[in-house]
Amino acid sequence: MYKIVLRPFFFLLDAERAHHVTFKLVHLLCKIGFSGLFRTVYTIKDPRLEREVFGLKFPNPVGLAAGFDKNAILYNELSDFGFGFIEIGTLTPKPQDGNPKRRLFRLKADGAIINRMGFNNKGVFDAVEKLKKKHRVLIGGNIGKNKLTPNDEAIKDYLICFDALFDHVDYFVVNVSSPNTPGLRELQDREPLTALLLELKKENGKVAKKNGGGKEKPILLKIAPDLTDDQLMDIIKIVETTKIDGVIATNTTVERKNLKSDLVFTEEKGGLSGRPLRNRSTEVIRFLSEKSGKAFPIIGVGGIHSPEDALEKLEAGADLIQLWTGFIYEGPSLVKRINKAILAKNGQQV
């Protein structure tokens with residue numbers, strides 16, 4: 001039904017407008033009682049799907065990547081489509097509008113999207129208010145810096161977001177890999193990245209101690225697919241040095257190789273996601289897993305449009321996976337199909 005009826009309608013609309021219409025529709029349907037139906041249709045509850053990763057118990061390994069529910073508006077409702085976890089953000093200390101519109105483009109012939117949103121969000125404190133309601137799902141908090149904050153003051157922005165979200169999310173993701181905030185990827189360099197992660201680790205201990213000696217929250221690093229092998233080796237060393245809890249591989253790419261879509265769209269600036277990213281993100285996952293000796297957990301994301309794509313990521317070394325563009329193109333049934341394929345892969349009937 002999604003591909004036959006809903007997707008053709010949504011794809012008639014500007015991509016960003018379609019996103020807002022989808023949010024309003026999901027919110028309305030859940031408000032009038034469709035949540036239970038969605039859970040019945042799309043969710044598989046099976047203890048064999050559960051995964052314990054960086055100290056958290058995930059009901060299944062399929063999550064929704066950051067960028068879909070930036071402002072923590074629909075995390076409970078979106079979990080009704082079978083996700084094992086939802087990542088909100090990227091959030092910044094102050095609200096910001098992001099880059100000028102249009103800034104979101106579908107490349108239909110490639111099963112891809114180009115976005116240059118620019119961390120548009122209502123600010124971390126607005127999200128905190130929304131996160132105060134009871135969660136039906138594990139929540140990741142993806143944090144960044146404001147566009148106008150210079151890189152030499154970036155740590156302050158990340159600490160503000162970290163402190164504000166600490167009591168309201170289950171894990172953190174440090175986003176230094178978006179191509180849509182000028183200069184942000186410079187923070188992936190070894191020295192500034194090590195300094196940032198060490199400060200966050202220190203703050204993690206302080207806040208946990210302040211909260212009566214509670215547990216620290218897992219901290220993950222989200223990296224770009226455009227890093228060289230030498231840079232990826234640096235990432236492995238940085239994870240070892242800072243003792244953060246894992247890596248998300250990968251963010252969007254600035255590469256534009258072998259695309260079939262019209263040049264009008266393929267030459268738009270921004271990060272490319274979807275099918276063209278599949279192979280590279282899998283390569284990065286495999287590299288990190290093999291070169292580190294599986295020293296840390298990896299969440300695999302990039303180009304997952306089918307159960308086969310998901311299994312490929314898991315076999316390459318990912319412990320969990322996330323959807324974004326594939327969810328838009330393939331619809332909510334993709335989550336269930338992936339979970340069924342994971343069970344079937346292990347010779348189990350669903």
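Which residues touch the most other members of the largest nonpolar core? This is a predicted model, and the close-ups below start with that core.

**View 1. The largest nonpolar core and its best-connected residues.** Tyr 158, Ile 223 and Leu 288 touch the most other members of this core, which counts 104 residues. Helix H6, spanning residues 154–165, gives the most to the core, with seven residues.

**View 2. A closer look around Ile 223.** Setting aside neighbours within four places in sequence, Ile 223 is in contact with a list of residues including Ser 177, Gln 188, Leu 232, Ile 235, Val 284 and Leu 288. Also among the contacts of Ile 223 are Val 247, Ile 248, Ala 249, Thr 250 and Asn 251.

**View 3. Helices H8 and H10 where they cross.** The axes of H8 (residues 229–242) and H10 (residues 278–292) come within 10 Å and cross at roughly 50°. That angle falls outside the parallel, antiparallel and perpendicular ranges, so H8 and H10 count as oblique to each other. Their crossing is right-handed. On the H8 side you'll find Asp 229, Leu 232, Met 233, Ile 235 and Ile 236, which meet Arg 280, Val 284, Phe 287, Leu 288, Lys 291 and Ser 292 in H10.

**View 4. A three-strand sheet and a separate core.** This open sheet runs in the order S5-S6-S11, with antiparallel pairing. S5 (104–107) and S11 (271–274) are the edge strands, each pairing on one side only. On average, neighbouring strands are turned by 25° against each other, direction ignored. S5 and S6 (residues 112–115) pair over four bridges, and Phe 105 stands opposite Ile 114 in S6. Phe 105 and Ile 114 also belong to another core, of six residues, lying apart from the largest one; Leu 107 and Leu 272 are among its members too.

Conventions. Residues are numbered from 1 along each chain as its sequence is written. This is a predicted model: local features need pLDDT of at least 70, side-chain atom pairs count only at pLDDT 80 or more; totals for chains, interfaces and linings use all residues. Side-chain values use heavy atoms; hydrogens and water are left out. Two strands pair if DSSP finds at least two bridges between them. Helices (H or I, at least four residues) and strands (E, at least two) are DSSP runs, numbered from the N terminus. Axes are lines fitted to C-alpha atoms, for helices over the stretch in contact, and angles run from 0 to 180 degrees between N-to-C directions. A nonpolar core is a set of buried Ala, Val, Leu, Ile, Met, Phe, Trp, Tyr and Cys residues joined through side-chain atoms within 4.5 Å. Buried means under 20% relative accessible area, exposed over 50%, partly exposed in between (1.4 Å probe, protein chains only). Contact means heavy atoms within 4.5 Å. Angles under 35 degrees count as roughly parallel, over 145 as roughly antiparallel, 65 to 115 as roughly perpendicular and the rest as oblique. A crossing is left-handed if the near helix is turned anticlockwise from the far one by less than a right angle, and right-handed if clockwise.
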